[in-house]
Amino acid sequence: MSFTLIDRGSENFEIRASVWSWKAALEIIKSFDVLSERKIREMAYNATGLDISQEDAVMIGEKIRDEILPTLKPGHRMYSDLSTTKAPDDGVIHKDQDDQWKNYSVDHEWLTEFSEFCLKCKGFQIY
């Protein structure tokens, strides 16, 4: 499963995320406490066309740029619990209940791209 975020101002401006990285990105967004719990829950489902306003997108982009990226070095990843690692993703699917959190992480490079997308878009829809 994947997510495609499409700029509300241009169908040709989009960014894609795997379920593995999107879940971690949502936890980062949730930590900012700028969107409602309901909105965060709705963002977890793909193919809904959920609208994120330009104001909310810019807020998300600024917070990632200003609060997350300075603490996450290039080549490093952030897990959904907001801890970080420099170990590359090995592609292993962790099935043990205690290790499943290791399946969800987002890297510095994707977060940089996502932040830039949020700052430039006119809001986005989630597909």
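The buried residues of helix H4 are His108, Trp110, Leu111, Phe114, Ser115, Phe117 and Cys118. In this predicted model, those residues pack against strands E1, E2, E6 and E7 and against helices H1 and H3. Two of the H4 residues named here, Trp110 and Phe117, return below in the aromatic cluster and, for Phe117, among the contacts of Asp7.

**Helix H4**

- H4 covers residues 108-120, which is 13 residues.
- From its first C-alpha to its last, H4 reaches 18 Å, close to the 18 Å expected at 1.5 Å a residue.
- The strands that the buried side of H4 packs against are E1 (2-7), E2 (14-18), E6 (105-107) and E7 (124-126).
- The helices in that packing are H1 (19-32) and H3 (54-68).

**Strand E1 and its partners**

- Five of the six residues of E1 are buried, so the strand is largely enclosed by the rest of the structure.
- E1 pairs with E2 in the antiparallel sense over five bridges, and the two strands form a hairpin with six residues between them.
- E1 also runs antiparallel to E7, to which three bridges join it.
- Ile6 takes part in both pairings: Glu14 stands opposite it in E2, and Gln125 is its bridge partner in E7.

**Asp7, a buried acidic residue**

- Asp7 belongs to strand E1.
- What is the nearest side chain of opposite charge to Asp7, and how far away is it? It is Arg8, at 6.7 Å.
- Asp7 is buried yet has no salt bridge; the 6.7 Å to Arg8 is to be set against a cut-off of 4 Å between a side-chain nitrogen and a carboxyl oxygen.
- Leaving aside neighbours within four places in sequence, the contacts of Asp7 are Phe13, Phe117, Cys121, Lys122, Gly123 and Phe124.
- Of these contacts, Phe117 is one of the buried residues of H4, while Phe13, Phe117 and Phe124 are among the members of the aromatic cluster.

**Aromatic pairs and cluster**

- How many aromatic pairs does the structure hold? There are nine.
- The ring centres of Trp22 and Trp110 are 6.5 Å apart and the planes stand at 80°, so this pair is edge-to-face.
- Trp22 lies in helix H1 and Trp110 in helix H4, 88 residues apart, and the pair thereby links distant parts of the chain.
- Trp22 and Trp110 are both buried.
- Tyr79 and Trp101 form another edge-to-face pair, with 4.8 Å centre to centre and 75° between the planes.
- This pair also links distant parts of the chain: Tyr79 is in strand E4 and Trp101 is in the loop between E5 and E6, 22 residues apart.
- Tyr79 counts as buried because its relative accessibility is 10%, whereas Trp101, at 34%, counts as partly exposed.
- One aromatic cluster is made up of Phe3, Phe13, Trp22, Trp110, Phe114, Phe117 and Phe124.

**The E5-E4-E6 sheet**

- Three strands form an open sheet in the order E5-E4-E6, with antiparallel pairing.
- Strands E5 (84-85) and E6 stand at the edges with a single partner strand each, so one side of each has no neighbour in the sheet.
- E4 (residues 77-79) and E5 pair in the antiparallel sense over two bridges.
- Arg77 has Thr85 as its bridge partner in E5.

**Ile52 in strand E3**

- Ile52 is found in strand E3 (residues 50-52).
- Is Ile52 buried or exposed? It is buried, with a relative accessible area of 0%.
- Beyond its neighbours within four places in sequence, Ile52 is in contact with Arg8, Lys39, Met43, Ala57, Gly123, Phe124 and Ile126.
- Gly123 and Phe124 also appear among the contacts of Asp7.
- Ile52 and Ser36 are 16 residues apart along the chain, and their C-alpha atoms are separated by 12 Å.

**Val19 in helix H1**

- Val19 is placed in helix H1.
- Apart from neighbours within four places in sequence, Val19 is in contact with Met1, Ser2, Phe3 and Tyr104.
- Among these contacts, Phe3 is a member of the aromatic cluster.
- Val19 and Cys121 are 102 residues apart in sequence, and their C-alpha atoms are 22 Å apart in space.

Methods: Residues are numbered from 1 along each chain as its sequence is written. This is a predicted model: local features need pLDDT of at least 70, side-chain atom pairs count only at pLDDT 80 or more; totals for chains, interfaces and linings use all residues. Side-chain values use heavy atoms; hydrogens and water are left out. Helices (H or I, at least four residues) and strands (E, at least two) are DSSP runs, numbered from the N terminus. The expected span of a helix is 1.5 Å times one less than its number of residues. Buried means under 20% relative accessible area, exposed over 50%, partly exposed in between (1.4 Å probe, protein chains only). Contact means heavy atoms within 4.5 Å. Lys and Arg count as positive and Asp and Glu as negative; His and the chain ends are not counted. Two strands pair if DSSP finds at least two bridges between them. Rings of Phe, Tyr and Trp (its six-membered ring) pair if their centres lie within 6.5 Å; planes under 30 degrees apart count as stacked, over 60 as edge-to-face and the rest as tilted.
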